[in-house]
Amino acid sequence: MTFPDEDDFDADAAFSMPDGDDEEDIDTGDQEALIWNLLVLINPGDEETALRQFASWRDGMAEARGGEAEALWVLKDAIDWSSGFHVDWKDTESLIDSVNQLAARWNIDIDWGGDPGDEDFLEDTDVPGLMAVAYDRLREHGYTLWNWNTDSDAHAGWIALSRDDEGMQQLCAALGIELRPGSDAF
């Protein structure tokens, strides 16, 4: 096997998007491919977990009666507590536990600005405030905490590499997922 000479390689051509609007270049008709790409983004360096979650999502979609409208909720179930979180609006303890578990995949300890085991600390804060803290701490390590609109009293999201922020936004737009950084909770 031979590799091209370094002089023959044009990085700009190899990694640039075709002319035009990037969102128009995404094939929004292939929901499975979009979900797979999302799973790859929220499981950086862990294709095995992404494959397992993709199989779970496909099985869930086969059982879903609502079709594409249920895709995000089926995805939530496939990734919950391993690559994503979904907590009640006032459940600060579960948010801390789930985000700590997600961050532990990359050996990141989050400084929550208080003792997460202290009832007074938990009562004096809220889920959006804690998401903002986690967002800031994760950014220091090159990760972004995202949250998506659940249209309910719950908060849900995932973590991905910060270098993939633009791709995450484009991918979620193509999937019809209303997404914001964790610093701006729904």
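**Entry 1: V40**

I started with V40 and found this residue in helix α2, which covers residues 31-42. I keep in mind throughout that I am reading a predicted model. V40 comes out at 37% relative accessibility, so I have to count this residue as partly exposed, given that buried means under 20% and exposed over 50%. I then looked along the chain to A160, which is 120 residues away from V40, and noted that the two C-alpha atoms are separated by 9.2 Å.

**Entry 2: A174**

Next I looked up A174, which belongs to helix α8, made of residues 165-175. At 18% relative accessibility, A174 counts as buried. I paired A174 with Q31, since these two are 143 residues apart in sequence, and read a C-alpha to C-alpha distance of 8.9 Å.

**Entry 3: the sheet**

I then traced the strands, and I wrote down an open sheet of four, ordered β1-β3-β2-β4, with antiparallel pairing. At its edges I found β1 (84-88) and β4 (179-181), each of which pairs on one side only. From one strand to the next, I noted a twist that averages 30 degrees.

I went through the pairs in turn. Between β1 and β3 I recorded five bridges in the antiparallel sense, and in this pairing I saw F85 opposite G157 of β3. Between β2 and β3, again antiparallel, I recorded six bridges; here N147 stands opposite G157, and Y143 has L161 of β3 as its bridge partner. Between β2, which spans residues 143-148, and β4 I recorded three bridges, also in an antiparallel arrangement. In that last pair I found W146 bridged to P181 of β4, and W148 standing opposite L179.

I also checked the hairpin of β2 and β3, where five residues lie between the strands, and noted that D151 takes a positive phi near 55 degrees.

**Entry 4: how covered are the strands?**

How many residues of β3 are buried? I read eight of the eight, so I describe β3 as largely enclosed by the rest of the structure. For β2, I found that six of its six residues are buried, and I call this strand mostly covered. When I sorted the side chains of β2 by direction, Y143, L145 and N147 pointed one way while T144, W146 and W148 pointed the other, and I noted that all of them are buried.

**Entry 5: T144**

I stayed with one residue of strand β2, T144. At 1% relative accessibility, T144 counts as buried. Which residue does the side chain of T144 meet in a polar contact? I found the side chain of R139, at 2.5 Å. Setting aside neighbours within four places in sequence, I listed the residues in contact with T144, among them Y135, W158, I159, A160 and D165.

**Entry 6: helix α7**

I turned last to helix α7, residues 127-139, which I saw lying across β1, β2, β3 (154-161) and β4, and running at about 150 degrees to β2. With 13 residues, α7 reaches 18 Å from its first C-alpha to its last, which I found close to the 18 Å expected at 1.5 Å a residue.

In α7 I marked V127, L130, M131, A134, Y135 and L138 as buried. Why do they sit on the same side of α7? I noted that they cover an arc of only 145 degrees around the axis, which puts them on that same side. I then looked up what the buried residues of α7 pack against, and wrote down β1, α5 (92-104), α6 (119-123), β2, β3 and β4.

At the N-terminal end of α7 I found D126 acting as a cap, with a side-chain oxygen 2.8 Å from the backbone nitrogen of G129.

Key
Residues are numbered from 1 along each chain as its sequence is written. This is a predicted model: local features need pLDDT of at least 70, side-chain atom pairs count only at pLDDT 80 or more; totals for chains, interfaces and linings use all residues. Side-chain values use heavy atoms; hydrogens and water are left out. Two strands pair if DSSP finds at least two bridges between them. Helices (H or I, at least four residues) and strands (E, at least two) are DSSP runs, numbered from the N terminus. Axes are lines fitted to C-alpha atoms, for helices over the stretch in contact, and angles run from 0 to 180 degrees between N-to-C directions. Contact means heavy atoms within 4.5 Å. The expected span of a helix is 1.5 Å times one less than its number of residues. Buried means under 20% relative accessible area, exposed over 50%, partly exposed in between (1.4 Å probe, protein chains only). The arc is that of the directions from the helix axis to the C-beta atoms. A polar contact is a pair of N or O atoms within 3.5 Å; within protein, one must be able to donate a hydrogen and the other to accept it, and residues adjacent in sequence count only if both atoms are side-chain atoms.
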